[in-house]
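Visitor: Please take one part of this model, the empty space and what surrounds it, and look at it closely. I would then like you to carry on to the side-chain contacts, in one connected account.

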Amino acid sequence: MSTIADNLSALAARIDSAAKAAGRAPASIQLLAVSKTKPASAIREIHAAGVRDVGENYLQEALAKQQELTDLPLIWHFIGPIQSNKTKAIAEHFDWVHSVDRLKIAQRLSEQRPAGLPPLNICLQVNVSGEDSKSGCAPADLPGLAQAVAALPNLRLRGLMAIPEPTDDRAAQETAFATVRQLRDDLGLGLDTLSMGMSHDLEAAIAQGATWVRIGTALFGARDYGAH
């Protein structure tokens with residue numbers, strides 16, 4: 001049975017290979033370890049192996065893990081859907097938020113970010129595949145949202161996040177990710193981040209410019225959704 005360290009080594013090799021195939025420096029792609037439903041002990045294990053960035057989808061679960069891991073210098077990313085009643089805790093306890101898809105949420109995060117903390121790094125989630133089941137703003141609404149969020153104090157707009165419709169077709173994967181990259185570039189805001197690509201499609205995402213790949217299953221193994 002493979003260990004988390006083994007999985008991390010295999011992932012690093014996949015990222016390295018994909019980066020070189022795309023003519024990119026492997027160091028330009030960062031690994032976000034998605035630890036939803038996994039125990040704090042698993043995060044300790046990846047930290048010991050050199051991973052610092054941790055992504056969580058469920059606020060209460062994340063806050064409990066943060067309490068257990070206060071001794072570790074981790075960078076916490078919130079990547080799940082955001083309800084208005086959760087913004088205060090997210091603004092207080094996270095370094096990045098990848099899943100902002102409406103101005104009201106961004107305004108609340110800005111207002112509730114504690115004065116002693118640096119600006120909260122923000123990615124706007126775009127629903128690139130037009131799926132009703134997915135969060136994210138429509139591409140047509142993105143320019144207005146981006147301009148408004150970029151103007152808010154206490155936030156730093158970094159780029160876009162997307163979760164395209166799952167497919168095993170590499171060409172279709174790349175088409176979706178290329179659309180996200182083009183949407184970011186068309187904003188003309190000098191944004192440096194594309195949060196896209198997961199365990200099953202990270203190669204296609206890297207080929208199209210991903211700077212964060214969000215990896216759960218390939219790092220920690222299958223999830224137990226009864227755990228959160």
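Guide: Sorted by class, the residues that line the largest pocket comprise 8 nonpolar, 8 polar and 4 charged ones. The model is a predicted one, and what follows should be read with that in mind. The space in this largest pocket comes to about 430 Å³. Its lining is made of 20 residues, and those closest to the pocket centre are Lys36, Asn57, Ile79, Ile163 and Met198. Two domains contribute to this lining, since at least three residues come from each of domain 2 (32-78) and domain 3 (84-209).

The second largest pocket holds about 180 Å³ of space, and among its 13 lining residues Leu8, Ala12, Ile15, Leu31 and Val51 lie nearest its centre. H1 and strand S1 (30-34) are the elements that supply two or more residues to this lining, and H1 gives the largest share, with 5 residues. By class, the lining of the second largest pocket has 8 nonpolar, 2 polar and 3 charged residues. It draws at least three residues from domain 1 (1-26) and at least three from domain 2 (32-78), and domain 2 is also one of the domains that contribute in this way to the largest pocket.

Alongside these open pockets, a search of the whole structure finds 1 cavity of 30 Å³ or more, and the volume of the largest cavity is about 30 Å³. Its walls are formed by Pro164, Glu165, Pro166, Thr167, Gln173, Phe177, His200 and Asp201. Of these lining residues, 3 are nonpolar, 3 are polar and 2 are charged.

From the empty space we can turn to the aromatic rings, of which the structure holds 2 pairs. One of them joins phenylalanine 78 to phenylalanine 94, with centres 5.4 Å apart and an angle of 80 degrees between the planes, an edge-to-face arrangement. Because phenylalanine 78 belongs to strand S3 (residues 75-78), while phenylalanine 94 sits in the loop between helix H4 (87-93) and strand S4 (96-100), this pair ties together parts that are 16 residues apart in sequence. Both phenylalanine 78 and phenylalanine 94 are buried.

A further pair is formed by tryptophan 96 and tryptophan 212, whose ring centres are 5.6 Å apart; because their planes stand at 75 degrees, which is over the 60 degrees required, this pair too is edge-to-face. Since tryptophan 96 lies in strand S4 and tryptophan 212 in strand S8 (residues 212-215), the contact ties together parts that are 116 residues apart in sequence. Tryptophan 96 has a relative accessible area of 8% and is therefore buried, the limit being under 20%. Tryptophan 212, with a relative accessible area of 2%, is buried as well.

The charged side chains form contacts of another kind, and the structure holds 10 salt bridges. One of these links lysine 20 with aspartate 16, with 3.0 Å between the closest N and O atoms. These two residues both belong to helix H1 (residues 4-21), where they are 4 residues apart, so about one helical turn separates them. Lysine 20 has a relative accessible area of 57% and therefore counts as exposed, the cut-off being over 50%. Aspartate 16, by contrast, is partly exposed at 26% relative accessibility.

Another salt bridge joins arginine 102 to aspartate 101, whose closest N and O atoms are 2.9 Å apart. Here arginine 102 is partly exposed, with a relative accessible area of 36%, whereas aspartate 101 counts as buried at 16% relative accessibility. In the salt bridge between aspartate 185 and arginine 184, the closest N and O atoms are 3.1 Å apart. Aspartate 185 is the partly exposed partner, at 41% relative accessibility, while arginine 184 counts as buried at 14%. Finally, Glu56, Glu61 and Lys65 are joined into one network by salt bridges that share partners.

Notes. Residues numbered from 1 in each chain as written. Predicted model: local features only at pLDDT ≥ 70, side-chain atom pairs only at ≥ 80, totals over all residues. Heavy atoms only, no water. Phe/Tyr/Trp six-rings, centres within 6.5 Å; stacked < 30°, edge-to-face > 60°. Buried < 20%, exposed > 50% of the residue type's maximum accessible area, 1.4 Å probe, protein only. Salt bridge = Lys/Arg side-chain N within 4 Å of Asp/Glu carboxyl O. 1 Å grid on protein atoms, 1.4 Å probe; cavity = no way out; pocket = protein on both sides within 12 Å on 5 of 7 lines; lining within 4 Å. Points joined across faces, edges and corners; volume = space filled by probe spheres on them. Nonpolar A, V, L, I, M, F, W, Y, C, P; charged D, E, K, R; others polar. Domains from an automatic or database assignment.
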